[in-house]
Amino acid sequence: MTKPLRLGVAGLGVVGTSLVRLLQRQREGFVARAGREFAVLAYSARRKDDRGVDLGDAVYFASAADLAASAEIDVFVELIGGADGVAFEAAKAALARGVPVVSANKAMLAAHGFELAALAERSGAQLQFEAAVGGGIPVIKTLRESLAGNAIQRVSGILNGTCNYILSRMESENLPFEVCLREAQRLGYAEADPTFDVGGFDTAHKLAILASLAFGAKIDAGAVSVEGIETITLADLSAADELGFRVKLLGVAERTPHGVEQRVHPTMVAKSAPLAQAMGVLNAVSIAGDAIGELTLVGPGAGGDATASAVAADIVDIARGIRVPAFGRPAASLVEADRVPMQRHEGGYYVRLAVVDRPGAMGAIAARMGEQLISLEAIMQKRATREVAAAGVVPVVLMTHGTTESSIRDALKHTVEDGVVREKPQVIRIEREAV
Ligand SMILES: NC(=O)c1ccc[n+]([C@@H]2O[C@H](COP(=O)([O-])OP(=O)(O)OC[C@H]3O[C@@H](n4cnc5c(N)ncnc54)[C@H](OP(=O)(O)O)[C@@H]3O)[C@@H](O)[C@H]2O)c1
């Protein structure tokens, strides 16, 4: 048999320790599939403590960069995290000397994916990152390899389990955002500072990676328009339910006449759509291609075992000698990402307004919509709670037919200036195409 593939694993936290266990548990399967043993020859972490995993004779490196530079390893597995700093420096060091890198680090790839891919290409090393998006869902390989025969039209997905858990819990148990966020933190699904997840930024990093694979552009997280779920209320979820929708935080990358849009925002998804079926911490990604039509992958977007499964698959590919460009095409052919302003987005909109309870108010709103050529598909007047009624406002929900973001924003700006609504209007985009 060929000699064992010698792994240097940097980071022995949730994913790193799960990987070590998985490599031991599945040893025979890996040997059968890849034709060689895998051995963790060396590892790095901040501290050398016992982590409850059997590391055998593996050598400890206090510095991940020194591990990446070690002549003893065949593959550098980066499971530290963070866009810059030690993870990036170590990954660069390994690639520069032709050592393949496997990483689960979406933040690093979103910030430096193009640079790392170009470096890998120059040195002839593999750069693999299946675990960076969708945890255990094999979405990177699907886009990069399995759908290589397609022109991709659109990729849309639930890419953050924390947000999906919060929205699912709000919906199923009629609990407000803050309560569900605290519950997510208690269960370890959300960080003490949840901004990165609930603000949509984690989804934006992952979307930028998928958009690059789908559309052959350099990763550009700055091209993603981002809104989080903090403003979603139970009133929105109950109106969505009545209208046949669920609210999901989606990342959408889509080819449009203005270029490839990349956007992250709370979205009305039809209840019958596969993306709407993914509840709790599950992730889901729908891909539309000219030959395939639509397909949807659903699965665990995080967790030690699920993520280690994706890391292990990358290691098996390297052991098999499979060579694929990191983003599915030569780095030199990747073009600059389009930066399509959100104002140009076209689609349907859900709008929730606190309308002042006086004659003519609804007429004034309809007139402002009419000025922008916005036609309404549905108008729902919701029963006001006692407090809302006492405040002299009536909750009203509008659903528009297709229009532009700038039209709806202008119409609502004027509506607010007219003094016929109180509070900032709630605006949620409707994805009719979401399968
Ligand atoms: N957790 C998931 O479900 C999941 C899912 C998908 C992707 N990912 C990605 O996987 C990566 C790892 O995530 P994780 O959840 O396993 O993180 P984690 O539990 O926080 O583990 C991070 C590990 O990195 C080590 N580390 C930190 N700074 C280091 C340094 N300067 N030098 C060497 N080692 C250092 C830590 O050492 P100590 O243990 O000594 O502190 C720890 O072992 C991240 O990029 C994350 O985004 C995670």
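A pocket is an open set of grid points, on a 1 Å grid over the protein atoms alone, with protein on both sides within 12 Å along at least five of seven lines.

**View 1. The ligand and its pocket.** This is a predicted model. The ligand takes up the space of the largest pocket. Around the ligand stand 21 residues. This shell holds ten nonpolar, seven polar and four charged residues.

**View 2. The residues that come nearest to the ligand.** Among the 21 residues around the ligand, five come nearest: Leu-12, Val-15, Arg-46, Arg-51 and Gly-303. Two of these, Val-15 and Arg-51, return in the next view with their polar atoms.

**View 3. Polar contacts to ligand oxygen atoms.** Gly-13 places a backbone N or O atom 3.1 Å from an oxygen atom of the ligand. For Val-15, a backbone N or O atom lies 2.9 Å from a ligand oxygen atom. Arg-51 uses its side chain: one of its N or O atoms there is 2.7 Å from an oxygen atom of the ligand. The ligand taken alone exposes 900 Å², and the protein buries 78% of that.

**View 4. Domain layout of the chain.** The chain is divided into three parts. Domain 1 has two segments, 5–136 and 309–333. Domain 2 covers 139–299. Domain 3 covers 343–431.

**View 5. Domain 2 against domain 3.** The C-alpha centres of these two domains lie 25 Å apart. Their contact takes 21 residues from domain 2 and 16 residues from domain 3.

Key
Residues numbered from 1 in each chain as written. Predicted model: local features only at pLDDT ≥ 70, side-chain atom pairs only at ≥ 80, totals over all residues. Heavy atoms only, no water. Near = heavy atom within 4 Å. Polar contact = N/O pair within 3.5 Å; in protein donor to acceptor, adjacent residues only side chain to side chain. Areas by Shrake-Rupley, 256 points an atom, 1.4 Å probe, with all protein chains shown as cover. 1 Å grid on protein atoms, 1.4 Å probe; cavity = no way out; pocket = protein on both sides within 12 Å on 5 of 7 lines; lining within 4 Å. Sits in = over half its atoms within 2 Å of the grid points. Nonpolar A, V, L, I, M, F, W, Y, C, P; charged D, E, K, R; others polar. Domains from an automatic or database assignment. Contact = heavy atoms within 4.5 Å.
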